[in-house]
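Please open the structure in your viewer and keep the selection panel at hand. The stops below are meant to be taken in order, one selection at a time.

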Amino acid sequence: MEGLVVLLSPLIAFLIIGFFGSRIGDMASAVLCILGGLFSFIFSLWATSKAISQPFSIKLYDFLPMENYTISLGLYFDPLSSITASVVTFVATLIFIYSVGYMSNLFGQWTFKFYAYLSLFLFAMLLIVLSDNLLGIFFGWEGVGLASYLLIGYFHTQKKASNASLEAFTLNRIGDWFFLFGIIATFYLFGSLSILDIFGKVSEVDKALLGLACLLLFGGAVGKSGQLPLHTWLPNAMAGPTPVSALLHAATMVAAGVYMVARLYPMFENAPQSLKVVALVGGITALFAGLSATSHTDIKKIIAFSTMSQLGLMFLALGLGDKMSAMFHLTTHAFFKALLFLSAGSIIHAFHHHVHDIYETGGLKRYMPITYGSFLVGALALAGIFPLSGFWSKDLIVATAYEVSFFWGVLVSVVSFLTAYYIFREGFVMFHGKEHFRHEHKEEPHESPGVMTIPMVVLGVMAVVAGFFEGWYGGILGVKKELHIGIAILSVLVGLAGIGVAYLVYVRGLIDPQKAYEALKPLHTTFKEQFFTERLYHKVLAGGYLFYSKILYMTAERQLIDGLVNATHPVVRGAGSVLRLLQAGKLNLYALFMAFGFLALLFITILWR
Amino acid sequence: MEWLIFALLSTWAIFSAMGVLFLKNPVHAILSFISLILAMAGMFLHLRAELLAGLQLIIYAVAIVVFYVLVITTIPWEKVKKFEGFYKREFFFGFPLLLGSFALFAYAILKGSFANTGLVVKDNVREVGKSLFSTYLFPLEVASVILLTAMIGAILLGRKEE
Amino acid sequence: MTIEKAYLLISIFLFLSGLLGVIIRKNLITLLISTELMLNGVNLALVSVDRLVGGIEGQVFALFILAVAASEVAVGLGLIVALFRLKGYEGSSEITHLRE
């Protein structure tokens, strides 16, 4: 039953905060939220220790009894799910603590809602991770969508934020639609929704249909993880508060897609064609997002594109048949991506939430040493520099890619180079460089309070050391991978090259970035506009829909439906003026009508034989 | 002989009915109605329903018609005269309708055959009285209650408002 | 064509002419008399069918109809008198309260 605590403590925190938040106050709500996450983390560690030796499941209750199959809700703890749950709860708890500092200026303005949503978010994610059947995963899937909608649009007075939340919701809905149909297809194939049943029968079913089911399920993952072509919500989701971005990108939302594919990996493995699609989508997204990140200047958007790119790498690894490295990269990525976001949030907090462009900061190294340090650690880990965690996990993916084919290997190397370049570009501009904020802000930026820096330091430590658990992690998942020295050196060199380019451009000033942008303007614009996909969606799809709706409004609504509604009046009036002649109130007339009916009845009874 | 009686009685009845329908003066219509009732009594006798013929004369010709005449005398004559005649439009709609109905009925009667039990009731008055007070005792009591109710109703309706 | 069937036809004629009277007469009193005409037609039909089939039930029912006719006349005429007292008219066409 202790496994149940993992799932339920965020839910209980959510319910208490949701119902009594206005009574107990914002600070108490925050503490409750953190406690919920903490309990969940402690018990998930316990569950992990138990699940490593022997996977176990907890049956909660029969949800939907049917004639020959009963859908029951339950939890399934195996190494994959319990370790993911531990990572999720660990990172989420640290982000919760951090958010107390970040949101402190909003305390007293119904901020308890924020913590209620955060708890709900964590609960929904844990439901995805721990559920033992697809329907439970779907519940969590929708819960995550709802919570992300609420949190991205948390600053709902800002047009940008509410639009972003709507966009996230809409694009996720497309993915969820695929996911739901994938679940239906799976049920059709296996006659069961339980993951264990599916794994038991996976080699017996029709391969073509299985591939179709896998592709539909993967469609859900595409929506949730912000892969091409359902990606535009992810950078726009940066309109939400920074802890939400961190949570979204590190632990909960986007990880759900990768995790779901890894969870159902036996299905994908038995339909190799679907894995090719997964690899293709992942690879293209990784390159696409990496290129887009190089030209953006928003502090958080660069990191958001980086997340997309890294998730693309994970999908690529999954598609190339390497589940272990994908999941390991998801784990380490959770640490250092959360760290990067928290550092970015720390900078935004230092400027009282007014600065969002990297060119409005600069030279922060002197003022914010802890933030600088943690950002540096996160950036180095992201770039994959030995011996930080990113190196270990990314190296696995690089090795897998080169093993499969030279093409994928080169692609991953290019992405690695871009990653190192754009993250250090951001770092150099923000922490070195000129102090651009001088003419905007009179006071000097200050280091964030302890409640924010301590989670950053803890995450920093984890980002450094997590990579050393590679062998342990692989052992648990039953995969043993050798480290290729040559490839390791190559990827470190690629990362260093990216850092070097960024250093030369942005610190040494070898090339003036502005002039370079001017010279390469078409290319720059293409990257910055995400290859015009966002514009395409907004203008052509959304705008086209709006146009179509307007036409329908002008014709079908105003002319046809309104016309019909308006026409009822004269029709009824005319019919009434005719019929009221019959209702003259004259006895004789009524008698005549009776006689008429009498004749009709006679006709029927006598002649109708 | 039978047909001769029939022809006489039916002609009498038809003309009386026409009088009820088309005479303008209500009093004339009532007189025509009395003549009809006499014809009806003759028909009942011809059909060997002697009890009914007698009751027809007693109830209709005496009770009911006297009632009508009484009511007409209580109402000022000008008011009664005011609404003489009949509706022409209704007549033109109703007459073909009823003609059609008559045709249908006549078709049904002439084409249809009745179950012939072969029974011939000899002492009609005795038989009817017997069954009235044995088999149909309860309906008879109900009919008397109805008459009582109608009497009370008529008194209530007809009394003067204080 | 027996004599009973002929009487049946006469009864139908009486009934329908009563109905026609209800439809076309203006005066309420003649309207009531027309209903009596209809009742008489039914009585005649019952008696002649009685003769056709051979029984007495038709005559018994005709007796009941007589009773109902008497009470109907009592109530109907009472209504007419009351109506006259209240409103001062007795033409059926004037009674158009249902319309308003």
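A residue is called buried here when its relative accessible area is under 20%. With that cut-off in mind, and remembering that this is a predicted model, begin by selecting chain A, where 57% of the 609 residues count as buried.

Colour chain A by secondary structure next, and you can follow 24 helices and two strands along it. If you then consider which residues of chain A touch one another, leaving aside those less than 6 apart in sequence, 81% of the contacts join residues at least 24 apart. Switching to a surface view shows what chain A exposes, about 25,200 Å², with 70% of that area supplied by carbon and sulfur atoms.

For a closer stop, select Ser9(A), which lies in helix α1 of chain A, a helix that covers residues 2–53. Is Ser9(A) buried or exposed? Its relative accessibility is 10%, so Ser9(A) counts as buried. Displaying the surroundings of Ser9(A) brings up Gly36(A), Phe39(A) and Ser40(A), the residues that Ser9(A) touches once those up to four places away in sequence are set aside.

Now move to chain B, whose secondary structure consists of seven helices and zero strands. Of the 162 residues of chain B, 36% count as buried, and among its contacts with a separation of 6 or more, 59% are between residues 24 or more positions apart. The exposed area of chain B is about 9,700 Å², of which carbon and sulfur atoms supply 73%.

Keep chain B on screen and add chain C, so that the interface can be examined. The size of an interface is often given as the accessible area lost when the parts come together. For chain C and chain B this buried area is about 7,200 Å², and 78% of it is on carbon and sulfur atoms. Select Tyr7(C), Ile24(C) and Arg25(C), which together supply 9% of the area that chain C buries against chain B, more than any other three residues.

Which helices of chain C should be highlighted on the side that touches chain B? Helices α1 (3–24), α2 (28–53) and α3 (57–87) of chain C each supply at least two residues of that side, and α3(C) gives the most, with 22 residues. Coloured by residue type, the side of chain C that touches chain B divides into 44 nonpolar, 17 polar and ten charged residues.

As a last stop, look for polar links across the interface of chain C and chain B, where seven residue pairs are in polar contact, while the count of salt bridges between these two chains is zero.

Notes: Residues numbered from 1 in each chain as written. Chains lettered and ligands numbered in written order. Predicted model: local features only at pLDDT ≥ 70, side-chain atom pairs only at ≥ 80, totals over all residues. Heavy atoms only, no water. Buried area = accessible area lost by both parts, 1.4 Å probe. Salt bridge = Lys/Arg side-chain N within 4 Å of Asp/Glu carboxyl O. Polar contact = N/O pair within 3.5 Å; in protein donor to acceptor, adjacent residues only side chain to side chain. Helix = DSSP H or I, 4+ residues; strand = E, 2+ residues; numbered from the N terminus. Nonpolar A, V, L, I, M, F, W, Y, C, P; charged D, E, K, R; others polar. Buried < 20%, exposed > 50% of the residue type's maximum accessible area, 1.4 Å probe, protein only. Contact = heavy atoms within 4.5 Å. Areas by Shrake-Rupley, 256 points an atom, 1.4 Å probe, with all protein chains shown as cover.
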